[in-house]
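Work through the exercises below with the sequence and the 3D view at hand. Each task is followed by a solution in steps.

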Amino acid sequence: TVYTPPILKWHPPICAPLRQRENAQSEKINPKTNNHHARKESSTMKITKITVGCDHAAYELKKKVVAHLEERGIEVIDVGTHSADSCDYPNFAHAVCKNVQDGVTELGILICGTGIGMSMCANKHKGIRAGLCGDVFSAEMTRKHNDANVLCMGARVISFELACELTDIFLNTPALDEERHRRRVKMIEDLEKGGFTPETAK
C-alpha cells in the first residue's frame, strides 16, 4: 500500500501574546529607582562588519543577502561558497564561526538548504550560539534572550524578502542586559566547558 501523509492543520502563531506579555513586564516600575526599566531593545546595535557563509543550496540567496547588507553600508566577509557546485556545508560553518571566535566580526550569518546542518555545525564551536530562524519573532528573541551571535537560515524554507528582514532584525537587536538572561547564557557556556551542574527542579 502507498503511504499518504496526513494533512496538517495550520495554527496561528503564538508570538503576539508572548510579545504583549513581554512588553507589559518591561514597563513595570523599578522600586529602587521609581523609574521604568530601561528597555535596551529600544536601541539598536551598530554592526559595521559581518561574516557570511553558505553552501551550494543557498548560494543564490546568499548573494542577495550580501548585496542587501552592502546596501546598508555593512562590510561583508564572504567566506563562500562562491558557486552553485555541490559542496560540504561544515567547511563554511567553520569559517564563519572562526571569525566570530577570533573577534574578526561580532556576528555571523550561515545559510544552507534548511539551516539545520549549518546550525548543528555552528553550535559545535566553543562560544558560538547559533539560532536557526524562519520568522521575525524568533530572530528577535534569539538576540534578546539567547545573545545569539550567528544567525542560520534555510534558503529552501524562506523567501529572499524574509531573509533580509530576519537579517536586519538580527543585526539591529541587542541582547537584553537582564540577570536572568545573563545567567542562562552563562549556563550554556558552562555546558561547553563540561562544568555544568543542573539546578534541582523546583
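Two strands pair if DSSP finds at least two bridges between them. Helices (H or I, at least four residues) and strands (E, at least two) are DSSP runs, numbered from the N terminus. This is a predicted model, in which local features need pLDDT of at least 70 and side-chain atom pairs count only at pLDDT 80 or more, while totals for chains, interfaces and linings use all residues. Residues are numbered from 1 along each chain as its sequence is written, and side-chain values use heavy atoms, with hydrogens and water left out.

**Exercise 1. Take stock of the protein chain.**

Task: State how many helices and strands the protein chain has, and in which pattern they follow.

Solution. Step 1: the count gives seven helices and seven strands. Step 2: along the sequence these elements follow the pattern α-β-β-β-α-β-α-β-α-β-α-β-α-α. Step 3: of the 202 residues, 39% count as buried, where buried means under 20% relative accessible area, exposed over 50% and partly exposed in between (1.4 Å probe, protein chains only). Step 4: contact means heavy atoms within 4.5 Å. Among contacts between residues at least 6 apart in sequence, 69% join residues at least 24 apart.

**Exercise 2. Lay out the sheet.**

Task: Find the order of the five strands in the open sheet and name the strands at its edges.

Solution. Step 1: the order is 4-3-5-7-6, with parallel pairing. Step 2: strand 4 (75-78) and strand 6 (130-132) each have a single partner strand, so one side of each lacks a neighbour in the sheet. Step 3: on average, neighbouring strands of this sheet are turned by 25 degrees against each other, direction ignored. The axes behind such angles are lines fitted to C-alpha atoms, for helices over the stretch in contact, and angles run from 0 to 180 degrees between N-to-C directions.

**Exercise 3. Examine strand 5.**

Task: Is strand 5 (residues 108-112) enclosed or open, and what are its bridges to strand 3 and strand 7?

Solution. Step 1: strand 3 (residues 49-54) and strand 5 run parallel and are joined by four bridges. One of the pairs is Thr 51 with Gly 108 of strand 5. Step 2: strand 5 and strand 7 (residues 150-154) are also parallel, with five bridges between them. Among the partners in strand 7 are Leu 151 for Ile 109 and Gly 154 for Cys 112. Step 3: in a regular strand the side chains alternate between the two faces of the sheet. In strand 5, Gly 108, Leu 110 and Cys 112 point one way, Ile 109 and Ile 111 the other, and all are buried. Step 4: five of the five residues of strand 5 are buried, so the strand is largely enclosed by the rest of the structure.

**Exercise 4. Describe how helix 2 and helix 6 pack.**

Task: Give the angle between helix 2 (residues 59-71) and helix 6 (residues 160-172) and the distance between their axes.

Solution. Step 1: the two helices pack at about 45 degrees, with axes 10 Å apart. Step 2: angles under 35 degrees count as roughly parallel, over 145 as roughly antiparallel, 65 to 115 as roughly perpendicular and the rest as oblique. Helix 2 and helix 6 are therefore oblique to each other. Step 3: the residues in contact include Leu 61 and His 68 of helix 2, and Phe 160 and Cys 164 of helix 6. Cys 164 is buried, at a relative accessible area of 7%. Step 4: helix 2 also lies across strand 3, strand 4 and strand 5, at about 170 degrees to strand 3. Helix 6 touches strand 3, strand 5 and strand 7, and its direction makes about 170 degrees with that of strand 7.

**Exercise 5. Check the cysteines.**

Task: How many disulfides (pairs of cysteine sulfur atoms within 2.5 Å) does a search of the whole structure find?

Solution. Step 1: the search finds zero disulfides. Step 2: for Cys 54, the nearest cysteine sulfur is that of Cys 87, 7.0 Å away. Step 3: Cys 54 counts as buried, at 0% relative accessibility.

**Exercise 6. Inspect two loop residues.**

Task: Where do Thr 81 and Asp 147 lie?

Solution. Step 1: Thr 81 is in the loop between strand 4 and helix 3 (89-101). A cis peptide bond joins Gly 80 and Thr 81, with omega about 5 degrees. Step 2: Asp 147 is in the loop between helix 5 (136-144) and strand 7. Phi of Asp 147 is near 50 degrees, a positive value in a residue other than glycine. Asp 147 counts as partly exposed, at 27% relative accessibility.

Terms used. Disulfide = S-S within 2.5 Å.
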